[in-house]
Every structure is written in C-alpha cells, then in structure tokens.
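Me: I have a protein model to study. Can you take me through it step by step, with short answers?

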Amino acid sequence: MSSSIKQPNVITCKAAVAWGAGEALVMQEVEVSPPHPQEIRIKVVTTSLCRSDLSALDSHAIFPRIFGHEASGIVESIGEGVTEFQEGDHVLTVFTGECKTCRQCMSGKSNMCQVLGLERRGVMHSDQGTRFSIKGKPVYHYCAVSSFSEYTVVHTGCAVKVSSAAPLEKICLLSCGLAAGLGAAWNVADISKGSTVVIFGLGTVGLSVAQGAKIRGASQIIGVDTNPEKRDKAKDFGITEFINPNDCNEPIQQVIKRITDGGADYSFECIGDTGMITTALQSCCDGWGLTVTLGVPKVKPEVAAHYGLFLSGRTLKGSLFGGWKPKSDLPSLVDMYMNKEIKIDEFITHNLPFEEINKALELMREGKCLRCVIHMPK
C-alpha cells in the first residue's frame, strides 16, 4: 500500500566543517539525514557566533564536527510522531532542551532537563547517532544543534516555535547569549530596584546582564573589562561606571568595595575564568552579597574561595541559559523584543554571508565584535 505522506529524503548542502582544534572551518558538501522520530529538519536562516563555539573549536577532541548553536530557521520536514511543529514554522534552536515530563522540567525550580540537557558527545539525544555525513562517514554535532550548516536536524525539545512576524536575523541572539544574560539578572539573581551590581566581562552576556539590571531599576551598574573600547558601548546598555583593571593601582575588588560602600549587592562573572569568580565573590557585600557565574572556563575548571566569604553570608550561584525553560519562556522574550521592551539589534556589530564564517571567528578571537550574525544563502 503506497503512503500518501511525503517522506523526506537525504539533503546535500553546504556546511562549515571543523577538522581539528583551532583550524579554520572548511566549507564543504555534507549529507543531512531525514529527521528521525520526534525530530525536525530545519533550513537555517541565520546563526550568530557565540564564544562557546570558539572555545570548543579551539580545545575540543571530537572531530570532524559542525559547530554553531545560536540560530533561527524554518522547519523543512518533520519526523514520525511530531505534532508540535509543521513544515514552514519559524523556530529558534536551543542548546539545552525541555522535554516537559522529567523530574527537573516538572519541578518548576529548574531548567536542567534530564532528557535533553547539554549534549557533549557530538551525537543526537534520541539514538546517540549523527545526522551529518561526508561520503558515508559521520560528522559530529555540537550541543545537538550544529547550525553552521544550511540544514540541520534537532530534537523537537531543542527547538522553539516563534512568531513568523519576528525577524529571524535578529531574534537568533535569544537562543543563547542574550537570553542567558537577561535570565541571570531576572531569574537567577532576581535583581531588586535600587541595588548595586558589578559585571565582570562586557561581551554579549555581560551587557545583557546590564540591560536586565537597568530594566529592574538597579541604581549602580559597574562594568569591568580590560578592553577600553567597551567603555562607550557599555553605557548604551545601562553601565553607569566602567573600570579597566589595568588602570587600577589596587585589586579590583577593593576598588569596587570602596565605590559601593562595602561591596555590591550582586556580582556577575561573565568571562569564563574561575579565578575571577573569587574576585567577584570578594566584590560582594557581607550578609547578602550574591555572585552569579555564567562564563564557561577554557582552563582550570575548579573554583577556589576562602570559606570566610560564605561564612559572612555571601552566596555563589551557577546559571545555565539564565534559568529559562526554553519552550516555556523564550516566546515571551521574543514578544518583549517585538514590543521594544528589550534591545537586540544593538548587540549585532557585524552581518556576514555564510562563506565568510572564518572571518567572523577571527573577529571574535580579536575581541572586535559583540555578535556577528551569519546569513545563509537564500
């Protein structure tokens, strides 16, 4: 009996493939499998470059691989059993999913899905296989997204349906960095009006924390960065004072304690340096000072801090994706952008075509961009 349902075929398309640590990406033809049950295949429209793509590319042992995770696109085909999405839906990809049925998803206390959490082995959640290949040999995934490809396959739990009225080339930033910073300010720290905030590292994540703190009505938002070019840009996002540690004659935590009358109410580590976590803790006030760490360290993952910092009432909290449950919460952030309640456009410093993706990597390595949006061929 012939089925009237159109079965998706293998697609051959262009992808930027990583073959070794720190090497330039190679633009080449890859085969993309049809989506398996509970998966969708997406035509990627735009993908923005995130610092964690670069960190993993420079250090990771799983190759060949297709990086990229901060992306927007249009559903091209759906796998068996998929009811949530239809061909033509506009979506954001997410590096950490939401199954809505595990203990963590049901708790209301966490966004750490036990089924679709951070995927580190370069494969799909459902069958531990890959959906990319070159001449029959597997090419591995990154964070179960792999958006440096014209087409990709993701689990339905790692995609969020969004309004077709929202510009995909802007809202792709919400699928990682920008949402992570806003969520750290609002969900994890729950910044209160009139409070003092210090942010270490003024990349996209740090400036998103600043935006969130400003919207919450923080009275003092101190930005710390060694790049003097960040000074003017930072003020647009809510930074009230900029400090370059290279210009200081004393430890940065002492400078902060002096100008905040004993320490900030909240501090955020957005660099990915575990030594800086200690500095951030020391920059908080006694009694209720809260430090939130968002950065992913390249080296020395262990955190060391004197127990006295905690004995005096300080708290250290971690944050993944700003505490947002992606499916439940991301559509409301898209609405906030559409209602001009949050900034996204101002984070986009470069727009480049897909074939110039290596130029985008160099801009990020050199600290010359906030977010570079890569546009796929039409």
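Here are questions and answers on this predicted model.

Me: In what order do the strands of the open four-stranded sheet lie?
Reply: The sheet is open, and its strands pair in the antiparallel sense. From one strand to the next, the twist averages 50°. The order is 1-2-6-7.

Me: Which strands are the edge strands of that sheet?
Reply: Look for strands that pair on one side only. Residues 11–17 make up one of them, and residues 137–139 the other. They are strand 1 and strand 7.

Me: How many bridges hold strand 1 and strand 2 in their pairing?
Reply: Strand 2 covers residues 26–32, and its pairing with strand 1 is antiparallel. Thr 12 has Glu 31 in strand 2 as its bridge partner. The number of bridges is seven.

Me: How many of the residues of strand 1 are buried?
Reply: Strand 1 has seven residues. The strand is mostly covered. The buried residues number five.

Me: Which residue in strand 7 stands opposite Ser 133?
Reply: Strand 6 spans residues 132–134. Strand 6 pairs with strand 7 over three bridges, in the antiparallel sense. Opposite Ser 133 stands Pro 138.

Me: Which residues of strand 10 point the opposite way from Thr 196, Val 198 and Phe 200?
Reply: Strand 10 runs over residues 196–200, and five of its five residues are buried. Thr 196, Val 198 and Phe 200 point one way. Pointing the other way, and buried too, are Val 197 and Ile 199.

Me: Is the crossover from strand 10 to strand 11 right-handed or left-handed?
Reply: Strand 10 and strand 11 (residues 220–224) run parallel and are joined by five bridges. Phe 200 stands opposite Val 224 in strand 11. Between the two strands the chain passes through helix 5, residues 204–215. This β-α-β crossover is right-handed.

Me: What is the bridge partner of Val 197 in strand 13?
Reply: Strand 13 covers residues 266–269. Strand 13 runs parallel to strand 10, and four bridges join them. The partner of Val 197 is Tyr 266.

Me: What distance separates the C-alpha atoms of Gly 289 and Tyr 266?
Reply: Gly 289 sits in the loop between helix 8 (274–282) and strand 14. Gly 289 counts as buried because its relative accessibility is 0%. Along the chain, Gly 289 and Tyr 266 are 23 residues apart. Their C-alpha atoms are separated by 5.8 Å.

Me: How many residues of helix 4 are buried?
Reply: Helix 4 spans residues 177–188, twelve residues in total. Among the buried ones are Gly 177, Leu 182, Trp 186 and Val 188. The helix is mostly covered, with the buried count at eleven.

Me: What phi does Asp 190 take?
Reply: Asp 190 comes just after helix 4. Most residues other than glycine have a negative phi. Asp 190 takes a positive phi of about 55°.

Me: Why does Ala 144 count as buried?
Reply: Ala 144 lies in the loop between strand 7 and strand 8 (151–155). Ala 144 has a positive phi of about 55°, although it is not a glycine. Buried means under 20% relative accessible area. Ala 144 counts as buried because its relative accessibility is 1%.

Me: Where does Ser 146 lie?
Reply: Ser 146 is not a glycine, yet its phi is positive, about 55°. Ser 146 counts as buried, because its relative accessibility is 0%. Its place is the loop between strand 7 and strand 8.

Me: Is the peptide bond from Phe 63 to Pro 64 cis or trans?
Reply: Pro 64 lies in the loop between helix 1 (51–59) and strand 4 (70–78). Most peptide bonds are trans. From Phe 63 to Pro 64, omega is near -5°, and the bond is cis.

Me: How much accessible area do Val 303, Phe 310 and Leu 316 have together?
Reply: Val 303 lies in the loop between strand 14 (290–293) and helix 9 (307–311). Val 303 counts as partly exposed because its relative accessibility is 41%. With Phe 310 and Leu 316, Val 303 forms a nonpolar patch on the surface. Together they have about 220 Å².

Note on methods. Residues are numbered from 1 along each chain as its sequence is written. This is a predicted model: local features need pLDDT of at least 70, side-chain atom pairs count only at pLDDT 80 or more; totals for chains, interfaces and linings use all residues. Side-chain values use heavy atoms; hydrogens and water are left out. Two strands pair if DSSP finds at least two bridges between them. Axes are lines fitted to C-alpha atoms, for helices over the stretch in contact, and angles run from 0 to 180 degrees between N-to-C directions. Buried means under 20% relative accessible area, exposed over 50%, partly exposed in between (1.4 Å probe, protein chains only). A crossover is right-handed if, with the strands pointing away from the viewer, the path from the first strand over the helix to the second runs clockwise. Patches are made of residues with over 30% relative accessible area and no salt bridge: like charges are joined within 9 Å, nonpolar side chains (Val, Leu, Ile, Met, Phe, Trp, Tyr) within 5 Å. Accessible areas come from the Shrake-Rupley method with a 1.4 Å probe; for residues, only the protein chains shown count as cover. A salt bridge is a side-chain nitrogen of Lys or Arg within 4 Å of a carboxyl oxygen of Asp or Glu.
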